[in-house]
Amino acid sequence: MKHKNISIFIPHAGCPYQCAFCNQKIITAQEKLPRAEDVRKICSQALSEMPDISDTEIAFFGGSFTAIPEAYMLELLETAQDFIGKDKFSGIRISTRPDCISRDILEILKKYHVTAIELGAQSMSNSVLKANRRGHTAEQVVKSAKLIRHYGFALGLQVMFGLYKSSWTDELETGWQIRDLKPDTVRIYPVVILKDTKLAEYYQSGAYPLFPLEEAVAFIGQQMIQYHEAGIRVIKCGLHASEFVEKDMLAGYYHPAFRELCENHIYFSKINSLMIEAITNKQKLPEIFAVRPDCISKAVGQKKTNVNYFQNQYQIRIKIIGDENLDLYEVKSAEESVCI
Ligand code: SF4
């Protein structure tokens, strides 16, 4: 069953810092802070209009929920209580900064039926965190993640790919350390350079070169496989396609279907490996590949890019078929190999 969120955005409220990449006003496309009456209206409307509210949570996203003034935080949480329980929503999710978690705050969140906490880890390299003005350290990510787990909340971690001064080594180590914290979920946000941010200044001055988009897609695809193999769900990959982001971005790793690009690449590299293996073993090139049935289009690729690549490269029209016994991202050659 697919998890759903009733998202209530809290733009920039409670942030003790101004991170180099952030322009929350653009990302959430609103400047007004929601009050109790807004929460009531959004939740009532969702309750009456949604055909299926199972596995649905109220989600306070967009700012640093636990850093907003306590009276305001309690106003939002109190209001949400009327919409949680039998025949209503299953709980509350929040997102916040790693340095805005304490035992006292977690006690409050427990009392108000918060079930999941997402931390904006962004990078596990202290020099990258500093260069991007995050104002917290990787050690604080580790400490808060462990405390959240200790209190029995579901843990989500958000990471950014391609931050200012981040090297391939930093990216690899971040992935490795995030997996080591065993979150339930991960969101991967490849950097999009928005107007009116520090990153925009660095980029325009030439001090911030970007990795090629294809390399970013290939790298993030590999990370997605590794998260999947570690039992961690990647619930988001790429900023959601929005006219606001497209209008206000200067550069970065943006595509309206970024996740799909990464997943297309995962299947491309797996099929390509099977081709290379056949060539190495002097076997007939495989033409039929099996994947999980709901992944056939990912393996075919957007606009059939994968199928067309193998047609051009090997003069073979590959065929993708479904096999319910296969796992996500698993690919098998679906025919007998014949020696040549
Ligand atoms: S990224 Fe989060 S913590 Fe940083 S300025 Fe934006 S909302 Fe605040």
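**Figure 1. Strands 10 and 11 run parallel and are joined by four bridges.** In this predicted model, Ile288 stands opposite Lys319 of strand 11. The other partner of strand 10 (residues 288-291) is strand 12, paired in the antiparallel sense over two bridges. In that pairing, Phe289 faces Ser333 of strand 12. The outcome is an open sheet of three strands with the order 11-10-12 and mixed pairing. Strand 11 (319-322) and strand 12 (332-333) are its edge strands, each of them pairing on one side only.

**Figure 2. Strand 2 pairs in the parallel sense with strand 1 and runs parallel to strand 3.** Six bridges link strand 1 (residues 4-9) to strand 2 (residues 56-61). Four bridges link strand 2 to strand 3 (residues 91-96). Ala59 appears in both pairings: Ser7 stands opposite Ala59, and Ala59 stands opposite Arg93 of strand 3. Helix 3 (residues 70-81) joins with strand 2 and strand 3 in a right-handed β-α-β unit. As background, strands of a sheet pair through backbone hydrogen bonds, in either the parallel or the antiparallel sense.

**Figure 3. Helix 9 covers residues 213-229, 17 residues in all.** From the first C-alpha to the last, helix 9 reaches 24 Å, close to the 24 Å expected at 1.5 Å a residue. Its buried residues are Ala216, Val217, Phe219, Ile220, Gly221, Gln223, Met224 and Tyr227. The cover over these buried residues includes two other helices and three strands: helix 7 (168-180), helix 11 (258-280), strand 5 (154-161), strand 6 (185-190) and strand 8. After helix 9 comes Gly231, with a positive phi near 80°.

**Figure 4. Ala241 lies in the loop between strand 8 and helix 10.** Strand 8 spans 233-237 and helix 10 spans 243-248. Is Ala241 buried or exposed? Ala241 counts as exposed because it has 12 C-beta neighbours inside 10 Å, and the cut-off for an exposed residue is 12 or fewer. Ala257 is 16 residues away from Ala241 in sequence. In space, the C-alpha atoms of Ala241 and Ala257 are 7.5 Å apart.

**Figure 5. The chain is assigned two domains, domain 1 (4-256) and domain 2 (270-333).** Taken over C-alpha atoms, the centres of domain 1 and domain 2 are separated by 35 Å. The C-alpha trace of the chain spans about 75 × 55 × 40 Å along its principal axes. In secondary structure, the chain has 13 helices and 12 strands. Its radius of gyration is 22 Å, close to the 20 Å that the globule rule gives for 340 residues, so the chain is as compact as a globular protein of that length. Of the 340 residues, 38% are buried. Among contacts in the chain with a separation of 6 or more, 79% are between residues 24 or more positions apart.

Terms used
Residues are numbered from 1 along each chain as its sequence is written. This is a predicted model: local features need pLDDT of at least 70, side-chain atom pairs count only at pLDDT 80 or more; totals for chains, interfaces and linings use all residues. Two strands pair if DSSP finds at least two bridges between them. Domain bounds come from an automatic or database domain assignment. A residue is buried if 20 or more other C-beta atoms lie within 10 Å of its own, exposed if 12 or fewer, and partly exposed in between; C-beta atoms are placed from the backbone. A crossover is right-handed if, with the strands pointing away from the viewer, the path from the first strand over the helix to the second runs clockwise. The expected span of a helix is 1.5 Å times one less than its number of residues. Two residues are in contact if their C-beta atoms, placed from the backbone, lie within 7 Å. The radius of gyration is taken over C-alpha atoms; the globule rule is 2.2 Å times the number of residues to the power 0.38.
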